[in-house]
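Morning, everyone. Please have a look at the structure on the screen, and then I'll walk you through it.

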Amino acid sequence: MSSAAHFAGASPLDAHLARRAHRLASSKTRRPSPRATSSSRVASIAASVSGSGRPTARTHVDRGVAAEGIEVASAGAPSRFARRELFALAAAALASPAAMVPAGAANAAASAVDTPQARAALREALVANVVKTKAPAVLRLVFHDAGTRRVASDDGGANASVRFELSRPESFGLKRGLGPVTAVYEATRDGPASGLSFADVIAASGAYAVELTGGPEITSRLRFGRADATAADPENRMPGESASGEETRAAFSAMGYTLAETVCLAGAHTIGGKGFGEPYVFDNEYYKTLLVRPWDGVKNPGATKDDLEMGSHVGLTSDKNLAIDPPSLEVIERYARDQDLFFEDFAKVYLKMTESGATWRGA
Ligand code: HEM
C-alpha cells in the first residue's frame with residue numbers, strides 16, 4: 001500500500017473524534033487569496049499543423065508557468081493547507097490510532113460519497129472554478145498524481161500525493177493546475193459533496209478539463225471514494241521528456257499500461273502549449289502531427305528552413321520519439337484516422353489512470 005493512510009474499522013467514538021478534527025481543520029481553511037503574480041509570461045511559438053502537413057498558424061501560448069497565487073504548497077514543505085490536514089489526522093490519531101482516517105472520510109462516514117446531490121454540487125464547483133485556459137494544466141496534474149504508480153511494488157498512484165511533490169523538478173509549472181483543483185475542493189467542503197477526497201476532486205477536475213476542451217465526457221463515469229495520501233510518493237517515477245519511445249513504453253508499462261493505453265494517454269498533449277493543433281481543443285491533432293513530423297527535414301523534403309524551425313518547437317522530445325517508434329506508430333496511425341476511437345479509448349484509460357493505485361474508503 002502507498003503512504004496513503006487508510007484505516008478502517010473505527011469505532012463510532014473514533015469516527016466522531018475524527019469528524020471533529022476534520023471539521024476543525026475545515027472551518028479554519030481560508031479560501032485562497034490571489035497573491036501578486038510574477039507575470040512570467042513565456043510565449044512559446046507553437047506550430048499548428050494541419051492534417052496535410054503544412055504549418056498553418058503560429059499560436060502564442062501563455063504558459064504562465066510561475067504564478068499561481070494559491071497557498072497550496074511551497075517548495076519542499078507541506079503547505080498551510082496540507083498542515084491543516086495533517087493536524088486533523090494527528091488529532092484523530094492521538095484520540096486512537098485506529099481512528100485515523102483519510103481527509104474527507106469523516107464526512108463520508110456521515111453521508112454517502114456518491115449521490116446525485118454530491119455530483120450536482122461537484123459539477124457546480126467544477127463549472128465555477130475550472131476554466132478552459134487552465135484545462136491543460138489541470139489534466140497534466142492528474143497525470144503527475146497518478147504517474148507515480150508502480151505495479152511491481154504496488155504503491156503510488158491516484159492519491160493526491162502530488163500536493164507533496166511540487167518541489168520536484170518534473171513538477172515545474174504544476175501549481176498552475178493545482179490552483180483550480182484546490183478551488184474546487186474548497187468549494188465542496190460544505191454541502192453534499194463534502195465527502196469527496198482531494199484525489200476524487202483531482203480525478204473529476206481532469207475529466208471536466210477534457211470535456212471543457214471538447215473531448216469525451218468522462219465525469220459521469222467516475223467512481224468516488226479515493227483515500228488521500230498524507231505524504232509524497234517515491235521519487236523519480238515520472239517519465240523523462242527526452243525519453244526514447246522504448247523508454248516511454250517501459251515507464252508506462254511499469255505503471256500498468258499497455259502499449260495502446262500508453263499512446264492513448266500521450267494524446268493528452270493535444271491540449272497545452274506544445275503545438276499539437278489548437279491549445280484548448282481536445283482532438284486527435286496530436287496523432288496527425290506525429291505522422292507528419294513537421295520537425296523532420298528528411299520526412300518533409302519540401303519544407304523550408306523556417307518551416308522546420310517552427311516545427312522544431314512542436315512536441316517534447318519524448319513525443320517526437322514516439323513518432324519514430326514502430327510499435328507506437330501503429331497505434332498513432334489508428335488514432336490519427338479515427339478520432340471517435342481515440343475519444344472512446346481515452347475515456348477508458350483516463351478512468352483506469354484515476355483509479356490506479358487508489359485505496360477506496362470503506363472498501
Ligand atoms: C512520456 C510521457 C510524458 C512526458 C515526458 C510529459 C512531460 C510533459 C512536460 C515536460 C510538459 C510541459 C511542456 C511545456 O509546456 O513545456 C507537459 C505538458 C503537459 N502534459 Fe505531459 N508528459 C507525458 C505524458 C502525459 C500524460 C500521460 C498526460 C495526461 C494524460 C499529460 C498531460 C499533459 C498536458 C495536458 C500538458 C500541457 C500542460 C500545460 O500546457 O499547462 N502528459 N508534459
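**Helix pairs and a ligand shell**

Start with one pair of helices: α4 and α6 cross in a right-handed way. Keep in mind that this is a predicted model. Helix α4 covers residues 116-129. The axes of α4 and α6 come within 9 Å, and they cross at roughly 145 degrees. Who makes the contact? From α4, it is Ala125, Leu126, Ala128 and Asn129. From α6, it is Pro180, Ala183, Val184 and Ala187. By class, that contact has seven nonpolar residues, one polar and no charged.

Next, stay with α6 and turn to another partner. Helix α6 runs over residues 175-187, and helix α7 over residues 198-212. Their axes are 9 Å apart, at an angle of about 120 degrees. α6 and α7 are therefore oblique to each other. This crossing is right-handed. On the α6 side, Pro180, Val181, Val184 and Tyr185 take part. They meet Phe198, Val201, Ile202 and Ser205 of α7. The classes here are seven nonpolar, one polar and no charged. Pro180 and Val184 are listed in the contact with α4, and they are listed in the contact with α7.

Now for α7 and α5. Their axes lie 8 Å apart, with an angle of about 140 degrees between them. That makes α5 oblique to α7. Is the crossing of α5 past α7 left-handed or right-handed? It is left-handed. The α5 side offers Ala135, Val138, Leu139, Leu141, Val142 and Asp145. The α7 side offers Ile202, Ala203, Ser205, Gly206, Ala209, Val210 and Leu212. Count by class and you get 10 nonpolar, two polar and one charged.

Finally, the ligand. How many residues surround it? There are 21. The closest are Pro136, Arg140, Phe143, Ala268 and Gly272. By class, the shell has 11 nonpolar, six polar and four charged residues.

Which helix gives the most to this shell? It is α5, with five residues. α5 spans 135-146, and α9 spans 259-266. Each of these two helices supplies at least two residues of the shell.

And why does the ligand lie between two domains? Domain 2, residues 111-221, gives residues to the shell, and so does domain 3, residues 245-344, so the ligand lies between them.

One last look at α5, then. It packs against α7, and it gives the most to the shell around the ligand.

Definitions and conventions. Residues numbered from 1 in each chain as written. Predicted model: local features only at pLDDT ≥ 70, side-chain atom pairs only at ≥ 80, totals over all residues. Near = placed C-beta within 6 Å. Helix = DSSP H or I, 4+ residues; strand = E, 2+ residues; numbered from the N terminus. Nonpolar A, V, L, I, M, F, W, Y, C, P; charged D, E, K, R; others polar. Domains from an automatic or database assignment. Axes fitted to C-alpha atoms, helices over the stretch in contact; angles between N-to-C directions. Parallel < 35°, antiparallel > 145°, perpendicular 65-115°, else oblique. Left-handed = near helix turned anticlockwise from the far one by under 90°. Contact = placed C-beta atoms within 7 Å.
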